[in-house]
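Please walk me through the covalent links and charged pairs of this structure, taking each point as a question with its reasoning.

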Amino acid sequence: MGLQSVCGGAGRWRRAVAWWGAVLVLAHLLSCGSAGLLDTNPGLAYNFYATTCPSAEATVRSITWAQVAGNQALPGQLLRLHFHDCFVKGCDASILLDNAQSEKTAPPNGSLGGYPVIDAIKAQLEKACPGVVSCADIVALAARDAVSYQFKASLWQVETGRRDGPVSLASNTGALPSPSAGFNGLLQSFAAKGLDVNDLVALSGAHTIGKASCSSVTPRLYQGNATSIDPLLDSTYAKTLMNACPNTPASTSTVDLDGATPFKFDGSYYTNLQNKRGVLASDAALTQNAAAATIVNDLTNPIKFYAAFSMSMKKMGRVDVLTLKNGQGKIRTKCNVP
């Protein structure tokens, strides 16, 4: 290999590092700002465990990154776990409880994963700092760290200080947005959590990784025994989805939410939407409202996507939290036990 080739490669590498650095700096700056955040701080803070468990965040990152290195599906799983936790009675780790008729048993949560990673982190932290770090904070931090693994730097900052809730009921999961929801239904679900259209579109970008169950996709492909393709779905892409999700009752198959770059956290999800290649009806719905479609177009720019996602993750991470400030919740010693 000649010197010019080596130097050219080094130059490209430095430019790539500088580009990602700019992305991460912008994301951090925006996530630290106040614009668009929930109006009152519920008692969370950065580095909440700085004196009570100084190694907490480093421990979460170390274990999460080690697990993600061997399982590229984990970022999507842990991000979805955090989302499903926050949308049902707030970010209180209720999704982790194993009591009868718990949230875990509800159909929307049947395909969730990542629980062993949370348990491994909790076990290590209980050895280092017994009774200090909440399961709710572990879920929030692990989601961030799993997604951030590809960048080898935190994509957004996480406030901590959440406490764990005592109640987990499958009957509460109706608060989760439906994969078949139209735009107005989605907006109402998000508004109920203090989130707006910007958050709806930005957080939907989580679908740039992860998988969907075929049962959430087949209504866009079939009606009874007949093929019936949703007009909001590209016909060529529909054939790809039909190959992955045949019209089979009780199918347990899954399909990538982003058919272009399924394991890369990037802005291709929004380009997919513009090309009528969103997998879920709720994805396609974002193009059916003028304001949302404008945001979709903006977020095809990855720098804008990362910044918007960072801001909205901070907002979601504050939803109905239990903290020392509001005198609610506890610190579980085992995340699946109240």
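**Disulfides and salt bridges**

Q: What is the relative accessible area of Cys214, and is this residue buried or exposed?
A: The model is predicted, with local features needing pLDDT of at least 70 and side-chain atom pairs pLDDT 80 or more, while totals for chains, interfaces and linings use all residues. Residues are numbered from 1 along each chain as its sequence is written, and side-chain values use heavy atoms, without hydrogens and water. Since buried means under 20% relative accessible area, exposed over 50% and partly exposed in between (1.4 Å probe, protein chains only), Cys214 counts as buried, with a value of 1%.

Q: Which residue is joined to Cys214 by a disulfide?
A: The sulfur atoms of this pair lie 2.0 Å apart, inside the limit for a disulfide (two cysteine sulfur atoms within 2.5 Å). The torsion about the S-S bond is -70°, and the link is left-handed. Cys214 sits in the loop between strand E1 (211-213) and strand E2 (222-223), and its partner in the loop between helix H8 (235-244) and strand E4 (254-256), so parts 31 residues apart in sequence are tied together; helices (H or I, at least four residues) and strands (E, at least two) are DSSP runs numbered from the N terminus. The partner is buried, with a relative accessible area of 0%, and it is Cys245.

Q: How many residues apart are Cys53 and Cys129?
A: Cys53 and Cys129 form a disulfide with their sulfur atoms 2.1 Å apart, and the link is right-handed because the torsion about its S-S bond is about 75°. Cys53 lies in the loop between helix H1 (3-32) and helix H2 (56-69), and Cys129 in the loop between helix H4 (115-128) and helix H5 (135-148). Both ends are buried, Cys53 at 1% relative accessibility and Cys129 with a relative accessible area of 8%. Along the chain, this pair spans distant parts that are 76 residues apart.

Q: Which pattern do the disulfides of the protein chain follow?
A: The structure holds four disulfides, among them the one joining Cys86 to Cys91, with an S to S distance of 2.0 Å. That link is right-handed with 120° about the S-S bond, and Cys86 and Cys91 are buried. With bonded cysteines counted along the chain, the pattern is 1-4, 2-3, 5-8, 6-7.

Q: How far apart are the closest N and O atoms of Glu57 and Arg144?
A: A salt bridge requires a side-chain nitrogen of Lys or Arg within 4 Å of a carboxyl oxygen of Asp or Glu, and by this rule the count comes to 12. Glu57 in helix H2 and Arg144 in helix H5 make one such pair, so parts 87 residues apart in sequence are tied together. Arg144 is buried, at 5% relative accessible area, and a network of salt bridges links Glu57, Arg144 and Asp145. For Glu57 and Arg144, the distance is 3.9 Å.

Q: Which residue forms a salt bridge with Asp137?
A: The two side chains meet at 2.7 Å, N to O, with Asp137 in helix H5 and its partner 25 residues away, in the loop between H5 and helix H6 (183-191). Asp137 is buried with a relative accessible area of 0%, and the buried partner, at 3%, is Arg162.

Q: How many residues apart in sequence are Glu159 and Arg318?
A: The side chains of Glu159 and Arg318 form a salt bridge (2.8 Å, N to O). Glu159 lies in the loop between H5 and H6 and Arg318 in the segment after helix H12 (302-316), so the residues tie together parts whose separation in sequence is 159 residues.
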